[in-house]
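Trainee: Please take one part of this model for a close look, and then work outwards from it to the rest of the chain.

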Amino acid sequence: MVGGAALSNDLGEGRQLVKERDGAGGDIASSYRKAGPYLDASWQLAGSVALWVLVGYFLDKWLHTTPWLLVVGAVLGMAIGFYLFFKALSAIGKGVKP
């Protein structure tokens, strides 16, 4: 029975750990919810640059104008990316969803 008592004690501690873990999960989820708009803004910036660099690269290959359309695509991607980035950040500051 000593082993049985130890087993039931371990189960009680296990349940307590699950409760603690579930409580902490709410804190993590709320942190992700708060960070979400900032992550979205940064992905818009990176995605815009990547998209327009790829467009410029493939247009250069197709039209044999290397590297000019790649450069134009990179500059255009940065301009659009920064515009979307600051637009999203200003919307976050106002509490409006972009």
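Mentor: Start with F82, which is partly exposed because its relative accessible area is 40%; the class runs between buried, under 20%, and exposed, over 50%, with a 1.4 Å probe and protein chains only. The model is predicted, so local features need pLDDT of at least 70 and side-chain atom pairs pLDDT 80 or more, whereas totals for chains, interfaces and linings use all residues. Residues are numbered from 1 along each chain as its sequence is written, and side-chain values use heavy atoms, with hydrogens and water left out.

F82 and F86 are four residues apart in helix 2, and are therefore separated by about one helical turn. Helices here are DSSP runs of H or I with at least four residues, strands are runs of E with at least two, and both are numbered from the N terminus. An α-helix has 3.6 residues a turn, so residues three or four places apart point the same way.

Now the rings. Those of Phe, Tyr and Trp (its six-membered ring) pair if their centres lie within 6.5 Å; planes under 30 degrees apart are stacked, over 60 edge-to-face, and the rest tilted. That rule gives three aromatic pairs. In one of them, F82 and F86, the ring centres are 6.1 Å apart and the planes stand at 20 degrees, so the pair is stacked. F85 and F86 have centres 5.3 Å apart and planes at 75 degrees, so this pair is edge-to-face. F82, F85 and F86 together form one aromatic cluster. Unlike partly exposed F82, F85 is buried, because its relative accessible area is 18%.

The helix that carries these rings, helix 2, covers residues 68-94. Its 27 residues reach 39 Å from the first C-alpha to the last, close to the 39 Å expected at 1.5 Å a residue; the expected span is 1.5 Å times one less than the number of residues. Besides F85, the buried residues in helix 2 include G73, G77, G81, A88 and A91.

Two of those glycines lead across to helix 1. S48, placed in helix 1, touches G77, I80 and G81, leaving aside residues up to four places away in sequence; a contact means heavy atoms within 4.5 Å. S48 counts as buried because its relative accessibility is 8%. Further along helix 1, Y57 is partly exposed, since its relative accessible area is 38%. The C-alpha atoms of Y57 and L70 are separated by 4.9 Å, although the two are 13 residues apart along the chain.

Helix 1 (residues 2-63) also holds V55, which counts as partly exposed because its relative accessibility is 32%. V55 joins L51, L59, W62 and L63 in a nonpolar surface patch of about 490 Å².

The loop between helix 1 and helix 2 contains H64 and P67. H64 has a positive phi of about 55 degrees although it is not a glycine, and it is exposed, as its relative accessible area is 71%. The peptide bond from T66 to P67 is cis, with omega near -5 degrees. Most residues other than glycine have a negative phi, and most peptide bonds are trans.

As for the whole, the protein chain has two helices and zero strands, and buried residues make up 10% of its 98 residues. Among contacts with a separation of 6 or more, 54% come from residues 24 or more positions apart.

How values were computed: Patch = residues over 30% accessible without salt bridge, like charges linked within 9 Å, V, L, I, M, F, W, Y side chains within 5 Å. Areas by Shrake-Rupley, 256 points an atom, 1.4 Å probe, with all protein chains shown as cover. Salt bridge = Lys/Arg side-chain N within 4 Å of Asp/Glu carboxyl O.
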